[in-house]
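Visitor: I'd like to go through this one slowly and ask how each label is earned. Can we start once it's on the screen?

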Amino acid sequence: MDSATKTAERLRIQIAATEEQLKNLKGQLADLEAQSLGNSFQNVSVQEELDPVTHEKWPLAAEDYKRYGRQMIVPNIGIQGQLRLKNASVLIVGAGGLGCPAAAYIAGAGVGTIGIVDGDEVETSNLHRQILHSTSKVGMKKVDSAILYLKSLNPNLKYNAHTSHLTPENSQGIVSQYDLVLDCTDHPTSRYLISDICVLLQKPLVSASALRTDGQLIVLNSPPLLAGNEAGGPCYRCVFPKPPPAESVVSCGDGGILGPVVGVMGVLQALEATKLIASGKLTSSGSEEAKKDASMLLFSTNSNPPFRSVRLRSRRPKCFACSAEAGLTLEGLSSGSLDYVLFCGINVPVSILGRDERIEAKEYAKLKTENRTDHLLVDVREKVQFDICSIEGSVNVPFSSFQGSRFKEGDGKQPTWIPQSLPPDAPIYVVCRLGNDSQVVTKRLKESGLNKNGRYIGDIKGGLKSWKEQVDSSWPEY
Amino acid sequence: MGSSKAPPGHFTILYFASANSYTSKDSEFLPARLPLAKLFETLDEKYGGMKAKVLESCLVTINLEYVDMPENGEDGVIINEDDEVAIIPPVSSG
């Protein structure tokens, strides 16, 4: 036993070292690939410099006229718009599904300085939508991976890597370096933080989000006038003063996301940013004469029409951030006295069942092989997930069917998903992906009186994640 | 999410994002006229718990225009026949 533990420990160390080595190799490969692309660009620019037309005579470098020509001849852009783009600096917060396409188009358009903030590393589950990252970059910092790609796309810009997440403490130092901010993050806490710092530092904010097949886009704090000036654009708190309940917040990892959906929202962010910069409306003075009502663009893949634009309110008279009565200050924010996690609530793992109401995955597996007929396993994941993989013999009753008024408690009738052949005292086990929803359902089934006749109802602790760890290593992780 | 017209005496309500998952519907028709102040109650009766779990953090529009939810027992605006109401919860993921 002791020697087995030692062997396992040695193997773990060996695996960790090998993984580290693999990560380094992938990084070297990605660097080399970017360099070879960069070199081919340099060769072109060396030839361009031999051209007798000197840079001084013209405001842009010779190559830039070619590179940006197709957008410069669009009447709304022109040489003036291109020069504004060149002199502008944009901060992209989040290098994920929104940030990747947004950054690609912003770099392509020639925005002079681009900063990217993200503390995460590239994972395989990102690749279907986060188009700046690639298979060889799994494990690399997202910011480094994104900048590698962008440098190969357009080596003539300045890129700033901010490799940790935006926090109340670091936000002033980072955001103050830029003219415009894109919120490409994925959580209510960061949405409120970014909006607040943009109000305080008078930066316009292009905010987008996406989940499953739907997306939202809003241009906030534009024009970016001082708090209390009603002519300024509304902030995120004006539109959504109350954060959604923490337990209702669904991430792309839990709810799913289509690549083109988040892609279209990120591309639209880049478009709004380009419009704001090229038209000279970035600053409060440039935008005052053409104030129009703020709007939110809603995109729903399956809706008719798929795009809807709704008119938003102007600044909320009692807004905490941007009204004359605002309680928000730079000191308060950067000292960390504003608790965004507390404001938005914390989604703690569910823990509502007693020890005797839960069973380990390996215990259930044992029980299943011993007597397979006289119990019922209820899988409460949504049907799309159940169809991907399920435990043999389990029945699917999605968690959503227990929500709202759709599940009548204690109405005396046996639910139709319980087979007639199941003995009235046969145990019911509930399983889900991670072991949270299964507890909620177990509790509701008991409250509905299904546990009379001495029937045992309990959930599988840790859900199908534990099933993979303890019982079936081949279980697909999606 | 249909573009079909509401039957006489009804308005259309569109459910976006988490309102869509909570009701399992993209849209439906509800009886008009309805004071805006009664909208959340009406929906909460139909979909138990929806007010606290979804509606209170939502943006509400009538015919694509933002509306303020009435406070202190006021009726606010009236939702009329043929109006299109949208329930728009904040989406934060990306």
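Visitor: What makes strand 9 and strand 13 of chain A a pair?

Guide: This is a predicted model, to be clear from the outset. Two strands count as paired if there are at least two bridges between them. Strand 9 of chain A has two bridges to strand 13 (residues 457–460) of chain A, and the two run parallel, so the cut-off is met. Across that pairing, Arg358(A) sits opposite Asp459(A) of strand 13.

Visitor: Which order do the strands of that sheet take?

Guide: Five strands of chain A line up as 9-13-12-10-11, with parallel pairing, in an open sheet.

Visitor: And why are strand 9 and strand 11 of chain A said to stand at the edges?

Guide: Strand 9 (358–359) and strand 11 (395–396) each have a single partner strand, so one side of each has no neighbour in the sheet.

Visitor: What lies across strand 12 and strand 13 of chain A?

Guide: That's helix 16 (residues 437–447) of chain A, which lies across strand 12 (428–431) and strand 13. Its angle to strand 13 is about 175°. Angles here run from 0 to 180 degrees between N-to-C directions, so a value of about 175° puts the two in nearly opposite directions.

Visitor: How is chain A divided into domains?

Guide: Domain 1 covers 62–335 and domain 2 covers 355–471. Their C-alpha centres are 43 Å apart.

Visitor: What makes the peptide bond between Ser222(A) and Pro223(A) cis?

Guide: Omega is about 0° there. Pro223(A) belongs to the loop between strand 6 (214–220) and helix 8 (236–239) of chain A. Asn304(A) to Pro305(A) is also a cis bond, with omega near 0°, and Pro305(A) is in the loop between strand 7 (295–300) and strand 8 (307–311) of chain A.

Visitor: Over to chain B. Why does its radius of gyration agree with a compact globule?

Guide: A compact globule of 94 residues would come out near 12 Å, and chain B has 13 Å, so the two agree. The C-alpha atoms fill a box of roughly 35 × 35 × 25 Å along the principal axes. Chain B has three helices and seven strands, in the sequence pattern β-α-β-β-α-α-β-β-β-β.

Visitor: What is notable about phi at Asn63(B)?

Guide: Phi is positive, about 50°, although Asn63(B) is not a glycine. You'll find Asn63(B) in the loop between strand 4 and strand 5 of chain B.

Visitor: How many residues does each chain bring to the contact?

Guide: Chain A brings 43 residues and chain B brings 31. On the chain B side, elements supplying at least two residues each include helix 3 (50–53), strand 4 (59–62) and strand 7 (84–88). Helix 1 of chain B gives the largest share, four residues. By type, that side of chain B has 15 nonpolar, twelve polar and four charged residues.

Visitor: How confident is the predictor, and where does pLDDT stay under 50?

Guide: The scores are ipTM 0.94 and pTM 0.85. Chain B averages a pLDDT of 92, with 97% of its residues at 70 or above. Chain A averages 89, with 90% of its residues scoring at least 70. The stretch under 50 is residues 40–51 of chain A, for which the model has six contacts beyond four places in sequence.

Technical notes
Residues are numbered from 1 along each chain as its sequence is written. Chains are lettered from A and ligands numbered from 1 in the order in which they are written. This is a predicted model: local features need pLDDT of at least 70, side-chain atom pairs count only at pLDDT 80 or more; totals for chains, interfaces and linings use all residues. Two residues are in contact if their C-beta atoms, placed from the backbone, lie within 7 Å. Ala, Val, Leu, Ile, Met, Phe, Trp, Tyr, Cys and Pro count as nonpolar, Asp, Glu, Lys and Arg as charged, and the others, Gly among them, as polar. Domain bounds come from an automatic or database domain assignment. pLDDT is the predictor's confidence in each residue, from 0 to 100. The radius of gyration is taken over C-alpha atoms; the globule rule is 2.2 Å times the number of residues to the power 0.38.
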